[in-house]
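Subject: Structure for your review

Dear colleague,

Please find below the structure that I am handing over to you. I should be grateful if you would look through it alongside the notes that come after it.

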Amino acid sequence: MVANRQYQARRPKSEKNIEEKGNIINTMHAEWLPTILQGSFSEIYVLNCNTLRFEYANPTALNNLQYSQDELAQMSPTCVAKNVTPAVYSQFIQGLQDGSKTSVAINTLHTRKDGTHYPIEFQLFYLASDTAPTIIAIGNDVSSRDKSDKALRASESRLSAMVSNTPGLVYQFLLCDDGKFSFPYVSDGCEALLGITSEELHESPSLFVDLILPEDRSSYRETMRISTSEMSNWNWEGRIWVEKWKDIKWINLRATPRALDEHNVQWEGIMTNITASKLEQEEIIRSRAQLAELSAHVDTVKEKERTRIAREIHDDLGGNLTAIKMALALLTRRLPVKTPELTEKAAYVESLVDRTIETVHRIAGDLRPGILDFGLVAALEWQAGEFEKQLGIPCEFLSNKAEIDLSLDQATALFRIFQEALTNIAKHAKASQVNVQLVHTHLYVRLEITDNGRGIKVADRTKPKSFGIRGMVERSVAMGGSLSVSTAPKGGTVVAINVPLPHTLPSDRIQTNNIGH
């Protein structure tokens, strides 16, 4: 005993310090362990290797399983993890005891006291002990992770289904700051749309630009530049040459950008084949142009026929009526003085001839307004005066030019539009004032008719039998102009017609207007 005390006295000071530190650490571990077990969010179990029963479970495990510590002490892991047999557990423990494994991972289902289940992921560790070797099991409830994985798989499945059924090409396009670009993702519709495989496009992204017709590449790059600088949606339409089918396709590219960092931008979008709709659109434009030409031709022929009929009525019928009136006057002068009945009859016939001559003049004027021979300004001013005289509605006419030089066809069409506008005001507007302005500039002539009536609704303009406004629009288009119908600032309606002057019309428009001449 004395020797032992002498040995301890002779021990180096450093060994004493290490021993003291070890005792302190062991004491601290003993103090920390309950806190760690109590505060851990993981389920922690201590199992007896011999009996395979629970010797301890931390509060998280007790709360999740809904059992008390005493209840669990009478149970084994197979009572809560019923899909793992005792033989499997024994196998795991044997592997840990003989040192062939340092730990064992288990994924299983735990059954709560109320019968519900939840997935859990375990790590088993072996702890040797002189009294009773134990297994430490640390597990985590992975139900949230499994739900997330399941939701992710479902989302990926839905996305895959949508992409595979999308009529076009779904893609990602990456543009780097140095100008290099790539396609990180391209759907299976690549070859059907572009005639090249997705692998070929991955390896050589420039193949896509090579497909674009040279005359459409500038618009492709410009729309990309705008989308990059403004971070706005990229929308481009253009033509590509598909070598595989020796054919030109129209494609539409729509994509949304997002900045990956301060240098790179990536778009997610879709390309679709719009060739059919483009061809249909071009056909509609051609059809409308042909209809406009036909309408212009019909109007021209109609005006010519009206002019011919008006001339025949004026010259033939008017001349005959004038001759009848002269002959009737001669006969009246030769009637006996004492025949008042015959004199009265002759006076009646003469008044009838006068009324017929007036009717002939009016019909001839309606068919072909002779007032146009005095110029467009005079004709419009006269028509405004006639409207005011017949309906009693004040109609003020103003022009910034005393004479305006338009072709006969344009002047006639503008006059007819003016007549139709006044007719619509008389029938529908219930106006008490009409103002007409004729403005001549170096590019166009503008006629503006404003009333203070009840106005016109949008639905009224598109009625199936609204031929008045439709005819006005067709006449204005036929002479290369445009017509608009809008609401006046103080109520009522404004009809405005812009007619380009002959020297500003395109050559093809001038030829169209002269069809049938």
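The notes below cover confidence, the two sheets, the cavities and the pocket.

Confidence

Please bear in mind that this is a predicted model. The mean pLDDT of the protein is 83, with 88% of the residues at 70 or more. Residues 1-9 have a pLDDT below 50, and beyond near neighbours in sequence this stretch has 1 contact in the model. The pLDDT is also under 50 throughout residues 507-517, although the model gives that stretch 20 contacts beyond four places in sequence. Where pLDDT is low, the predicted coordinates should not be read in detail.

The antiparallel sheet

One open sheet has 5 strands in the order β7-β6-β10-β9-β8, and its pairing is antiparallel. Its edges are formed by β7 (181-186) and β8 (234-242); each has a single partner strand, so one side of each is left without a neighbour in the sheet. On average, neighbouring strands of this sheet are turned by 30 degrees against each other, direction ignored. Strand β6 (residues 169-175) and strand β10 (residues 265-273) run antiparallel and are joined by 7 bridges. Within this pairing, Leu175 has Val265 in β10 as its bridge partner. Helix α11 (residues 214-230) packs on the sheet and touches β6, β8, β9 (247-259) and β10. The direction of α11 makes about 155 degrees with that of β8.

The mixed sheet

A further open sheet of 5 strands follows the order β11-β12-β13-β15-β14, with mixed pairing. Here the edge strands are β11 (395-399) and β14 (482-487), each of which pairs on one side only. Neighbouring strands of this sheet are turned by 10 degrees against each other on average, direction ignored. β11 runs parallel to strand β12 (residues 434-440), and 5 bridges join them. Cys395 stands opposite Val434 in β12. Two helices may be noted here. α14 packs on the sheet and touches β11, β12 and β13 (444-451), its direction making about 170 degrees with that of β11. α15 also packs on the sheet, in contact with β12, β13, β14 and β15 (493-500), and its direction makes about 10 degrees with that of β13.

Cavities

The count comes to 2 cavities of 30 Å³ or more. The largest cavity has a volume of about 80 Å³. Its lining includes Tyr45, Phe54, Tyr89, His110 and Phe122. β1 (43-48), α5 (77-80), β3 (103-111) and β4 (117-127) each supply at least two residues of this lining. By class, the lining has 10 nonpolar residues, 1 polar residue and no charged residues.

The second largest cavity holds about 30 Å³ of space. It is lined by Tyr171, Phe173, Phe183, Phe208, Tyr220, Trp234, Leu253 and Met271. This lining divides into 8 nonpolar, no polar and no charged residues.

The largest pocket

The largest pocket has a volume of about 610 Å³. It is lined by 25 residues, of which Gly365, Asp366, Trp382, Gln383 and Gln419 are the closest to its centre. At least two lining residues come from each of α12 (275-333), α13 (340-367), α14 (376-391) and α15 (408-429). The largest share, 6 residues, is supplied by α14, the helix that also touches β11, β12 and β13. By class, the pocket lining has 10 nonpolar, 9 polar and 6 charged residues.

With kind regards

Methods
Residues numbered from 1 in each chain as written. Predicted model: local features only at pLDDT ≥ 70, side-chain atom pairs only at ≥ 80, totals over all residues. Heavy atoms only, no water. 1 Å grid on protein atoms, 1.4 Å probe; cavity = no way out; pocket = protein on both sides within 12 Å on 5 of 7 lines; lining within 4 Å. Points joined across faces, edges and corners; volume = space filled by probe spheres on them. Helix = DSSP H or I, 4+ residues; strand = E, 2+ residues; numbered from the N terminus. Nonpolar A, V, L, I, M, F, W, Y, C, P; charged D, E, K, R; others polar. pLDDT = per-residue confidence, 0-100. Contact = heavy atoms within 4.5 Å. Pairing = 2+ DSSP bridges. Axes fitted to C-alpha atoms, helices over the stretch in contact; angles between N-to-C directions.
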